[in-house]
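Please look through the structure shown below, and then follow the explanation from the charged side chains to the overall fold and back to the aromatic rings.

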Amino acid sequence: MTRRPFAPFVLLLVFAAVPARAQTPAAPAPEAPPLWDLQAGASFVGTSGNSDTASTGADFSAHRRGEVWKLDATATAVHTSDNGDTTAERYLGSARVQRNLTALVGLSAGERAEHDRFAGIDFRNIADLGLSWALRREPAWTLDGVTGLAWNHESRTVGENLDDPVGLFQLLSRVPFGGAGDTTQRVTLYPDFRTSSAFRAELEVTAQASMNAHLALKIGYLLRFSNAPVAGFEKTDNTTTASVVFRWKASTPAP
């Protein structure tokens, strides 16, 4: 039985492929974030006839990236009804101001408010003060962190209201893709310093792809967990959204 020169043939293919790979043009570098940007999204799903349901959603975000100061603001609203009865309703809003101290560390102050009576929360407000961390800065990936002390006020639909000192630990990652979109991942933990079992956590993932200079499609998923929810309510809430986004941004990149 004659043996074929298999190994030399494989080596020949490998060496032939090396120049071809070297000639492949490099992928374009992701676009740097703009000095400022605004975007507003909206979604609607409705049925009529045998069923009468409606689901609406809206979200807004604004960012200003200066050399020293940075401002982020977001707001979301979700409303769902079935035969005229509201079955889900949630409003969230937040703002954060950061001032760079070094290339790694900065001062951070934030405010967060929400209304979700279907989770037993008539009004919740969290004000925090702490440090921001620029953990990773690359065109293909950024990772930021926030650590701080906060005060949590809750007006509940059932039971007594709460005023507790809490902590804030957050990681926010952003990965651009294709030069026309990005995905973000956020993990936030709120430990309760008065009642250790009353901690809360959030996980949020979004993906956004541009259709043109001012329009984009956005998909988001938000998981909220409360280890000690309002009596009679579940520990976990999930929200999935898909919306059309209108965008405006500065023509100059951030410093």
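In this predicted model, Asp128 and Arg96 are joined through their side chains in a salt bridge, with a distance of 2.9 Å from N to O. Asp128 belongs to strand 6 (residues 121-138) and Arg96 to strand 4 (residues 85-100), so this pair ties together parts of the chain that are 32 residues apart in sequence. Both partners are hidden from the probe to a similar verdict, since Asp128 is buried and Arg96 is buried as well.

Strand 6 also carries Arg124, which forms a salt bridge with Glu154, and here the closest N and O atoms are 3.0 Å apart. This contact again links distant parts of the chain, because Arg124 sits in strand 6 and Glu154 in strand 7, 30 residues apart. Arg124 is buried, and Glu154 is buried too.

A third pair lies further along the chain, where the side chains of Glu202 and Arg186 meet in a salt bridge at 3.1 Å from N to O. Glu202 is part of strand 10 and Arg186 is part of strand 9, so the salt bridge ties together parts that are 16 residues apart in sequence. With a relative accessibility of 3%, Glu202 counts as buried, and Arg186, at 12% relative accessibility, counts as buried as well.

These pairs can be placed in a wider setting, for a search of the whole structure finds 19 salt bridges. A network of salt bridges links Arg90, Arg112, Glu114, Asp116, Arg124, Glu154, Arg156, Arg186, Glu202, Glu204 and Arg224, and among its members are thus both partners of the Arg124 pair with Glu154 and both partners of the Glu202 pair with Arg186.

The strands named above belong to a fold whose secondary structure consists of one helix and 12 strands. Read from the N terminus, the helix comes before the strands, in the order α-β-β-β-β-β-β-β-β-β-β-β-β. The 12 strands form a closed barrel that runs 1-2-3-4-5-6-7-8-9-10-11-12, with antiparallel pairing. Between neighbouring strands of this sheet the average turn is 20 degrees, with direction ignored. Strands of a sheet pair through backbone hydrogen bonds, and the pairing can be parallel or antiparallel. For one such pairing in detail, strand 7 (residues 141-156) runs antiparallel to strand 8 (residues 162-177), and 13 bridges join the two. One position to look for is Gly148, whose bridge partner in strand 8 is Leu168.

Some totals for the protein chain complete this view. Of its 255 residues, 29% count as buried, while the chain exposes about 15600 Å², of which carbon and sulfur atoms supply 64%. Among the contacts with a separation of 6 or more, 47% come from residues that are 24 or more positions apart.

Turning to the aromatic rings, a search of the whole structure finds one aromatic pair. Its members are Phe199 and Phe225, whose ring centres are 6.1 Å apart and whose planes make an angle of 40 degrees, and the pair is tilted. Phe199 lies in the loop between strand 9 (181-190) and strand 10 (200-210), and Phe225 in strand 11 (residues 215-226), so the pair ties together parts that are 26 residues apart in sequence. Phe199 counts as partly exposed at 29% relative accessibility, and Phe225 counts as partly exposed at 26% relative accessibility.

Terms used. Residues numbered from 1 in each chain as written. Predicted model: local features only at pLDDT ≥ 70, side-chain atom pairs only at ≥ 80, totals over all residues. Heavy atoms only, no water. Helix = DSSP H or I, 4+ residues; strand = E, 2+ residues; numbered from the N terminus. Buried < 20%, exposed > 50% of the residue type's maximum accessible area, 1.4 Å probe, protein only. Contact = heavy atoms within 4.5 Å. Areas by Shrake-Rupley, 256 points an atom, 1.4 Å probe, with all protein chains shown as cover. Phe/Tyr/Trp six-rings, centres within 6.5 Å; stacked < 30°, edge-to-face > 60°. Pairing = 2+ DSSP bridges. Axes fitted to C-alpha atoms, helices over the stretch in contact; angles between N-to-C directions. Salt bridge = Lys/Arg side-chain N within 4 Å of Asp/Glu carboxyl O.
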